[in-house]
Amino acid sequence: MERITTDILISGGGIAGMTAACAFGAAGFDVICVDPMPPVTEASNPQADLRSTAFLQPARNTLISAGIWKHLQAYATPLEIMRLADAGGEVNEIRKVADFVAAEISDEPFAWNLPNWLLRREMLKRIDELDNVTFLTGVETKRITPRLDTAYVQLSNGTQVVCKMVLAADGRNSPARDMAGIDAKTWRFGQKAIVFSVSHTEPHQNISTEIHRTGGPFTLVPLPDQNGKHYSAVIWMETGPKASDLMKLDDTAFNTAINERSCGILGTLTLETRRVTWPMISRLAERLDGPRIALIAEAAHVIPPIGAQGLNMSLTDIQCLLDLALESPDTLGSQEMLTAYNKARHKDIKTRVTGVNLLNRAAMTETDNLKALRLKGLQALHGLAPIRKTLMRKGLGSV
Ligand SMILES: Cc1cc2nc3c(=O)[nH]c(=O)nc-3n(C[C@H](O)[C@H](O)[C@H](O)COP(=O)(O)OP(=O)(O)OC[C@H]3O[C@@H](n4cnc5c(N)ncnc54)[C@H](O)[C@@H]3O)c2cc1C
């Protein structure tokens with residue numbers, strides 16, 4: 001049996017795991033990251049992750065210090081305005097628009113949007129630059145045995161890794177979380193997100209638009225122009241049965257449906273990619289630490305894609321752990337360090353999960369009174385400048 005010693009074993013090489021590998025590697029720690037699946041790095045591959053991620057300002061800072069941003073910036077679309085529109089009346093038309101403008105609180109855009117398949121391609125390039133980071137694909141974590149000063153991690157290829165800290169970045173059904181005996185609470189919404197990209201006749205002007213109507217929001221997130229056409233990524237959240245019906249439509253009928261639902265906000269929309277559905281749940285681990293193990297990203301928390309919080313919270317997890325590790329490198333993976341991590345992150349994550357759950361239920365509502373309340377709430381929150389600015393800062397994670 002081969003035995004390798006390292007500082008950190010990252011179980012899971014999704015976007016969070018790869019970011020953590022680069023962040024800890026760039027800071028000088030030895031890292032091994034393992035994943036049973038090789039990353040899919042081409043949009044045309046049927047397995048490609050067609051979602052996009054809007055990285056908020058703090059997340060971009062983490063990407064800069066990890067040395068990843070230099071690979072991404074040429075492909076990133078800045079989001080200068082977050083537009084919330086209510087279309088919850090009798091007919092499908094926009095009743096109220098509220099613009100949250102980044103320039104009101106900062107010299108920078110709110111966020112920068114990038115396709116997930118491209119993130120994986122560019123993160124692999126960064127990993128290749130780091131001699132102290134090893135990425136093993138086709139290999140999974142089988143068993144984790146914590147000891148006082150180290151953890152022994154058994155991999156599926158027969159190798160045993162001896163490390164100071166394990167990062168569980170192995171997704172929403174995290175096997176490592178189970179191995180550590182940490183429970184997680186799940187909320188189900190009976191809702192699905194349909195994800196695809198469209199071209200449109202009007203330019204997006206770097207505005208991300210959420211159109212609210214019963215069933216859930218329809219969100220258009222700006223992408224770079226392609227072949228002389230304006231492009232956006234779309235997330236359409238609907239109740240499960242409605243989403244299934246929409247998935248059964250042929251492309252022509254689906255184009256009619258997306259144009260009705262978008263209320264013409266970006267002119268005529270045309271479907272440009274295949275459609276993929278994601279079940280909507282929230283999940284929260286009861287704690288983020290166990291002996292020699294820290295849970296990060298979807299292994300720790302899952303939320304519906306509202307307000308671009310999901311992966312951004314994950315990058316805050318990584319930054320928090322890295323700050324603690326740099327503060328006291330000798331205590332890497334100790335109970336003291338991991339307890340401090342749980343204390344620093346769990347409360348904030350719980351607040352955001354609760355907030356997004358509430359927003360999502362309000363967005364799904366079918367009751368006329370509640371729909372009217374949603375509209376009034378939007379008007380009130382947006383109409384008062386101090387509340388508006390606080391909300392924007394809170395969304396960025398800086399309050
Ligand atoms: C429709 C949609 C839109 C979204 N949009 C946004 C957005 O705009 N902004 C945002 O911040 N977030 C967004 N999110 C959330 C974001 O996409 C997720 O948080 C993120 O993709 C999850 O990444 P991850 O690395 O935690 O998990 P995953 O991508 O699930 O990666 C986990 C990895 O662990 C591996 N693994 C599993 N078991 C093992 C094992 N035993 N050993 C080793 N490896 C293992 C898996 O193969 C996988 O590669 C969105 C989510 C959805 C559903």
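**Exercise 1. Positive phi in two loops**

Task: Determine where Gln 205 lies in this predicted model, and state whether the residue counts as buried or exposed.

Solution. Step one is to place the residue: Gln 205 belongs to the loop that links strand 14 with strand 15 (207-212). Step two concerns the backbone, where Gln 205 has a positive phi of about 50° although the residue is not a glycine. Step three turns to the surface: because the relative accessibility of Gln 205 is 59%, and the cut-off for exposed is over 50%, Gln 205 counts as exposed.

Step four applies the treatment to Asn 227, which is found in the loop between strand 16 and strand 17. Phi of Asn 227 is near 50°, again a positive value in a residue other than glycine, and at 72% relative accessibility Asn 227 is likewise exposed. A glycine can be set beside these two residues, for Gly 67, just after helix 2, takes a positive phi of about 80°.

**Exercise 2. The surroundings of strand 13**

Task: Work out which residues cover each face of strand 13, and which strands pair with strand 13 in the parallel sense.

Solution. The starting point is a general one: side chains in a regular strand alternate between the two faces of the sheet. In strand 13 (residues 165-168), Met 165 and Leu 167 lie on one side, while Val 166 and Ala 168 lie on the other, and all four are buried, which leaves both faces covered.

The next step is to identify the partners. Strand 2 (residues 8-11) pairs with strand 13 in the parallel sense over four bridges, and within this pairing Ile 8 has Met 165 as its bridge partner. Strand 21 (residues 293-295) also runs parallel to strand 13, joined to it by three bridges, and here Val 166 stands opposite Ile 293.

**Exercise 3. Following Arg 283 across antiparallel strands**

Task: Find which residue of strand 22 stands opposite Arg 283, and which residue stands opposite Arg 283 in the pairing of strand 14 with strand 19.

Solution. Strand 14 (residues 184-200) and strand 19 (residues 276-285) are antiparallel and share nine bridges; Thr 186 is the residue opposite Arg 283 in this pairing. Strand 19 pairs in the antiparallel sense with strand 22 (residues 301-302) as well, over two bridges, and there Arg 283 stands opposite Val 302. Arg 283 therefore has Thr 186 opposite it in one pairing and Val 302 in the other.

**Exercise 4. A cavity and a pocket**

Task: Give the volume of the largest cavity and the elements that supply two or more residues to its lining, then describe the second largest pocket by its volume and lining.

Solution. The count comes to one cavity of 30 Å³ or more, and the largest cavity has a volume of about 60 Å³. Its lining includes Leu 50, Arg 51, Val 195, Ser 197 and Ile 235, and strand 14 and strand 17 are the elements that give two or more residues to it. By class, this lining divides into seven nonpolar, two polar and one charged.

One lining residue, Ile 235, merits a separate step. Ile 235 lies in strand 17 and is buried, since its relative accessible area is 19% and the cut-off is under 20%. Its C-alpha atom is separated by 8.7 Å from that of Ser 197, although the two residues are 38 apart along the chain.

For the pocket, the volume is about 320 Å³. Of its 16 lining residues, Pro 115, Trp 117, Ser 197, Leu 223 and Gln 226 are the closest to the centre. Helix 4 (116-129), strand 16 (218-226) and strand 17 (229-239) each supply at least two lining residues, with strand 16 giving the most, at three. The class split is 10 nonpolar, four polar and two charged.

**Exercise 5. Contacts with the ligand**

Task: State how many residues surround the ligand, and which ligand atom Asp 35 contacts.

Solution. The ligand is surrounded by 31 residues, of which the closest are Asp 35, Arg 51, Thr 141, Leu 311 and Asn 312. An N or O atom in the side chain of Asp 35 is 2.6 Å from an oxygen atom of the ligand, and a polar side-chain atom of Asn 312 lies 3.0 Å from a ligand oxygen atom. Gly 12 contributes through its backbone, an N or O atom of which lies 3.4 Å from a nitrogen atom of the ligand.

Key
Residues are numbered from 1 along each chain as its sequence is written. This is a predicted model: local features need pLDDT of at least 70, side-chain atom pairs count only at pLDDT 80 or more; totals for chains, interfaces and linings use all residues. Side-chain values use heavy atoms; hydrogens and water are left out. On a 1 Å grid over the protein atoms alone, a cavity is a set of points where a 1.4 Å probe fits but cannot get out, and a pocket is an open set with protein on both sides within 12 Å along at least five of seven lines; lining residues have an atom within 4 Å of a point. Grid points are joined across faces, edges and corners, and a volume is the space filled by probe spheres set on the points. Ala, Val, Leu, Ile, Met, Phe, Trp, Tyr, Cys and Pro count as nonpolar, Asp, Glu, Lys and Arg as charged, and the others, Gly among them, as polar. A residue is near a molecule or strand if one of its heavy atoms lies within 4 Å of it. A polar contact is a pair of N or O atoms within 3.5 Å; within protein, one must be able to donate a hydrogen and the other to accept it, and residues adjacent in sequence count only if both atoms are side-chain atoms. Buried means under 20% relative accessible area, exposed over 50%, partly exposed in between (1.4 Å probe, protein chains only).
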